[in-house]
Amino acid sequence: MGAVRDGELIEKFLETKDVSHVRVLFERYESQLLGYLIRLLQNRHDAEDALQEAFCKALRALPKYQESNQFKSWIYRIAHNEAMNILRTRGKVELQADPIESELSEHADDAAVELIQREDLEQLEKAIAELPDAERRVVVMRMKSGLAFKEIAVIEGCSINTVLGRMHNAKGRLSARLREVTS
Amino acid sequence: MTTEERDQLLLFWSGELEDAANQTVCELIDRDEEARRYLEELGGVESLIQTLPDPPARGIAARALNAEAASKVVPFRVPIARVIGIAAAVALLVGITVLLSIQPVRESIAELFHASPETENKPLIVPEEEQIVEAPPQLKELPKEQPEPVPESGKSMDLRPSERVAVESPPIRKPIEPVPDVSPLEPMPLIKPLTPETKPEKPVIIAKTTRRTGFEAFETEAAEEESEFDQRLREAWDRAKRIREQLTE
């Protein structure tokens with residue numbers, strides 16, 4: 001039995017006002033969104049705050065939700081805007097040495113995870129963290145969260161050609177960095 | 001590879017390219033080595049990035065929903081309590097108003113405070129200490145020529161006439177005259193029998209209604225009960241007298 005579609009959950013919530021439907025919907029994306037926000041903000045606490053605020057805003061805005069089957073890009077847009085607000089108030093991105101590394105060391109304590117694989121992942125996280133903000137956002141949204149370029153363009157508020165340009169640049173930087181690491 | 005071709009390649013890789021442009025990109029991939037390498041690199045980076053774990057969210061969605069629910073509940077609590085309080089007060093006021101507007105209830109309340117003619121005539125027994133006799137009229141106002149008293153601080157005292165009375169004429173206490181003893185068995189005739197001399201030209205309305213007031217009704221009932229009791233006592237006394245006479249005979 002397949003999972004209930006996002007649109008159906010929203011319809012049920014709007015009919016019954018039962019928040020459990022929204023909870024299922026939010027929990028479907030919360031991990032992805034948190035990962036995106038951590039990579040974007042380079043800080044877990046800010047990312048959690050941004051995500052919580054995004055969920056609150058989404059809940060308030062759900063009765064006016066019109067975009068059927070576009071919930072993922074819609075919630076990403078809200079989360080993205082929250083992250084941008086935090087970045088604006090912060091003034092500049094405070095880069096941490098290993099923001100995701102600490103996350104991994106905290107949570108990926110599974111003995112089955114091989115050390116080499118872990119090191120590779122850490123290198124990859126570093127490479128992503130070193131990307132310019134705009135490029136990092138596009139890479140994470142497209143390659144990690146699976147959003148379409150058109151959706152990313154809407155979220156970013158720019159043209160699709162700009163998004164494609166950022167993606168091209170990010171891909172170039174990442175490939176070069178990974179070649180360095182492997183060599 | 002041009003920028004336009006690169007963008008089309010990205011859209012093709014993403015699966016967002018329109019069907020019409022698909023054929024063009026397929027031809028490009030077939031003929032251009034660089035395009036093929038580009039697509040391979042994109043796939044490699046994507047597969048690597050997708051292996052990155054998502055951090056556990058630790059129930060952020062639930063927290064957000066709880067916070068949102070709490071923010072909705074709190075502002076509603078105060079108005080509901082206020083509305084209930086105001087509604088209760090209004091209901092109480094309306095109830096009292098309706099109760100007072102009902103005729104029998106109003107009459108019964110009025111009866112409680114209504115002084116009957118009998119009680120009006122009876123002297124009010126007040127303890128000696130409580131009896132305050134009004135000051136004689138000549139002391140009620142200060143003579144106009146007399147200058148107003150000025151306090152030591154130099155400020156003038158602006159007292160009204162009523163206040164002056166309170167200052168100039170303290171209440172005089174007077175001993176109470178003895179109250180005439182009124183026997184309860186022999187009530188005083190309050191209404192004099194009409195004689196040709198006392199009979200007025202117009203009939204005097206003693207009471208507007210035939211309805212007895214509370215105190216009046218109580219007194220009448222008591223008097224009736226007393227007369228019945230006296231009669232029975234008298235009969236019993238007579239019977240006892242007769243028995244004693246028979247016994248002495």
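**Exercise 1. Helix H1 of chain A**

What covers the buried residues of H1(A)? State also which residues are buried and how they are arranged.

Solution. The model is predicted, local features need pLDDT of at least 70, side-chain atom pairs count only at pLDDT 80 or more, and totals for chains, interfaces and linings use all residues. Residues are numbered from 1 along each chain as its sequence is written, and chains are lettered from A and ligands numbered from 1 in the order in which they are written.

Step 1. Fix the terms. Helices (H or I, at least four residues) and strands (E, at least two) are DSSP runs, numbered from the N terminus. A residue is buried if 20 or more other C-beta atoms lie within 10 Å of its own, exposed if 12 or fewer, and partly exposed in between, with C-beta atoms placed from the backbone. Two residues are in contact if these C-beta atoms lie within 7 Å.

Step 2. List the buried residues. In H1(A) these are Leu9(A), Ile10(A) and Phe13(A). They span an arc of only 100° around the axis, so they sit on the same side of H1(A). The arc is that of the directions from the helix axis to the C-beta atoms.

Step 3. Name the cover. It includes H2 and helix H4 (71–90) of chain A.

Step 4. Turn to the other face. Glu8(A), Glu15(A) and Thr16(A) are exposed residues on the face of H1(A) turned away from its buried side.

**Exercise 2. Two residues with positive phi**

Which is buried and which is exposed, Lys17(A) or Gln42(A)?

Solution.

Step 1. Place the residues. Lys17(A) belongs to the loop between H1 and H2 of chain A, and Gln42(A) to the loop between H2 and H3 of chain A.

Step 2. Read the angles. Most residues other than glycine have a negative phi. Phi of Lys17(A) is near 60°, a positive value. For Gln42(A), phi is also positive and near 60°.

Step 3. Count neighbours. Lys17(A) is exposed because it has 10 C-beta neighbours inside 10 Å. Gln42(A) has 21 other C-beta atoms within 10 Å and is therefore buried.

**Exercise 3. The pair H2(A) and H7(A)**

Describe how these two helices pack.

Solution.

Step 1. Choose the quantities. Two packed helices are described by the angle between their axes and the distance between the axes. Axes are lines fitted to C-alpha atoms, for helices over the stretch in contact, and angles run from 0 to 180 degrees between N-to-C directions.

Step 2. Read the values. The axes of H2(A) and H7(A) cross at roughly 160° and come within 10 Å.

Step 3. Classify. Angles over 145 degrees count as roughly antiparallel, under 35 as roughly parallel, 65 to 115 as roughly perpendicular and the rest as oblique. H2(A) and H7(A) are therefore roughly antiparallel. Their crossing is right-handed, the term for a near helix turned clockwise from the far one by less than a right angle.

Step 4. List the contact. H2(A) gives Gly35(A), Tyr36(A), Arg39(A) and Leu40(A), while H7(A) gives Arg136(A), Arg137(A), Val140(A), Met141(A) and Lys144(A). By class there are four nonpolar, one polar and four charged residues. Ala, Val, Leu, Ile, Met, Phe, Trp, Tyr, Cys and Pro count as nonpolar, Asp, Glu, Lys and Arg as charged, and the others, Gly among them, as polar.

**Exercise 4. Ile160(A) and its partners**

Which residues does Ile160(A) touch, not counting residues up to four places away in sequence?

Solution.

Step 1. Ile160(A) is part of helix H9 of chain A. It counts as partly exposed because 19 other C-beta atoms lie within 10 Å.

Step 2. With that exclusion, Ile160(A) touches Phe149(A), Lys150(A) and Ala153(A). Phe149(A) is eleven residues from Ile160(A) along the chain, with 6.6 Å between their C-alpha atoms.

**Exercise 5. The chains and their contact**

How many residues does each chain give to the contact?

Solution.

Step 1. Compare the chains. Chain A has nine helices and zero strands, and chain B has eight helices and zero strands. Of the 183 residues of chain A, 38% count as buried; of the 249 residues of chain B, 6% do.

Step 2. Count the contact. Chain A gives 36 residues and chain B gives 28 residues. On the side of chain A, H2(A) supplies the largest share, eleven residues. That side has 19 nonpolar, eight polar and nine charged residues.
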